[in-house]
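Reader: I have a fold on my screen and want to learn how to read its features. Where should we begin?

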Amino acid sequence: MSGETDFRAQILVADHDETLRELLDLSLRRSSHDVIKVASGQEALDAIRGEYFDLAILELALPDIGALEILGRLKKNNDTVPHTMILSSSGTPETIKECVMAGAKDFVVKPFNLPVLVKRIGVVLERAALDRQKA
């Protein structure tokens, strides 16, 4: 997998840090993706329930509802769960395992190298595209 996608993806970015949201928005729009940005877990949950996303990039410890709880609520209610990438400043093996077990496709520790993150996002989007073709 190259990490480059040839389709326009719908991406949700949920992080409490406005600067990080803007940075990801700019980088992803340069790759021709559509981006919705939110600052809280409740906003992320509402957005995911309201429209389709190819990828949700969720901060692990959002101020109100964390990424793991968001994934749990979506699964419990049989809502569509987008491919998910978790961002966190803590990357312990236990935390990473818990996120993967909850359904996350990737886990990225902050601070990160932006070009590397964009490539990793491309890989997750390729998986999302393959899964859509299988469905």
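**Reading the core, a helix and the backbone**

Author: This is a predicted model. Begin with Leu-12. Leaving out residues up to four places away in sequence, Leu-12 touches Ile-36, Val-38, Ala-44, Ala-47, Ile-48, Phe-53, Leu-55, Ala-56, Ile-57 and Leu-58.

Reader: Which residues of the largest nonpolar core touch the most other members?

Author: The core has 20 residues. Those that touch the most other members are Leu-12, Ala-44, Ile-48, Leu-58, Ile-70 and Ile-86.

Reader: Which elements give two or more residues to this core?

Author: They are β1 (10-14), α2 (41-50), β3 (55-59) and α3. The most comes from α2, with four residues. Another core lies apart from this one. That core has 18 residues, including Ala-9, Val-13, Leu-20 and Val-35.

Reader: Now a helix. Which residues of α4 are buried?

Author: Buried means under 20% relative accessible area. In α4, residues 93-102, that picks out Thr-95, Cys-99 and Ala-102. Look down the axis of α4. The buried residues fall within an arc of 65 degrees, so they line one face of the helix.

Reader: What does the face of α4 turned away from its buried side carry?

Author: That face carries the exposed residues Pro-93, Glu-94, Lys-97 and Met-101. On the buried side, the cover includes α3, β4 and β5.

Reader: What follows α4?

Author: Gly-103 does. Its phi is positive, near 115 degrees.

Reader: How do I read phi in residues other than glycine?

Author: Most of them have a negative phi. Now look for positive values here. Ser-32 has a phi near 70 degrees. Ser-32 sits in the loop between α1 (18-30) and β2 (34-38). Asn-78 also has a positive phi, near 55 degrees. Its loop runs between α3 (67-76) and β4 (83-88).

Reader: Why does Asn-78 count as exposed, and why does Ser-32 count as partly exposed?

Author: Exposed means over 50%, and partly exposed lies between 20% and that value. Asn-78 counts as exposed because its relative accessibility is 72%. Ser-32 counts as partly exposed because its value is 40%.

Reader: And peptide bonds? Where is a cis one?

Author: Most peptide bonds are trans. A cis bond joins Lys-110 and Pro-111 here, with omega about -10 degrees. Find Pro-111 in the loop between β5 (106-109) and α5 (114-134).

Conventions
Residues are numbered from 1 along each chain as its sequence is written. This is a predicted model: local features need pLDDT of at least 70, side-chain atom pairs count only at pLDDT 80 or more; totals for chains, interfaces and linings use all residues. Side-chain values use heavy atoms; hydrogens and water are left out. Buried means under 20% relative accessible area, exposed over 50%, partly exposed in between (1.4 Å probe, protein chains only). A nonpolar core is a set of buried Ala, Val, Leu, Ile, Met, Phe, Trp, Tyr and Cys residues joined through side-chain atoms within 4.5 Å. Contact means heavy atoms within 4.5 Å. The arc is that of the directions from the helix axis to the C-beta atoms.
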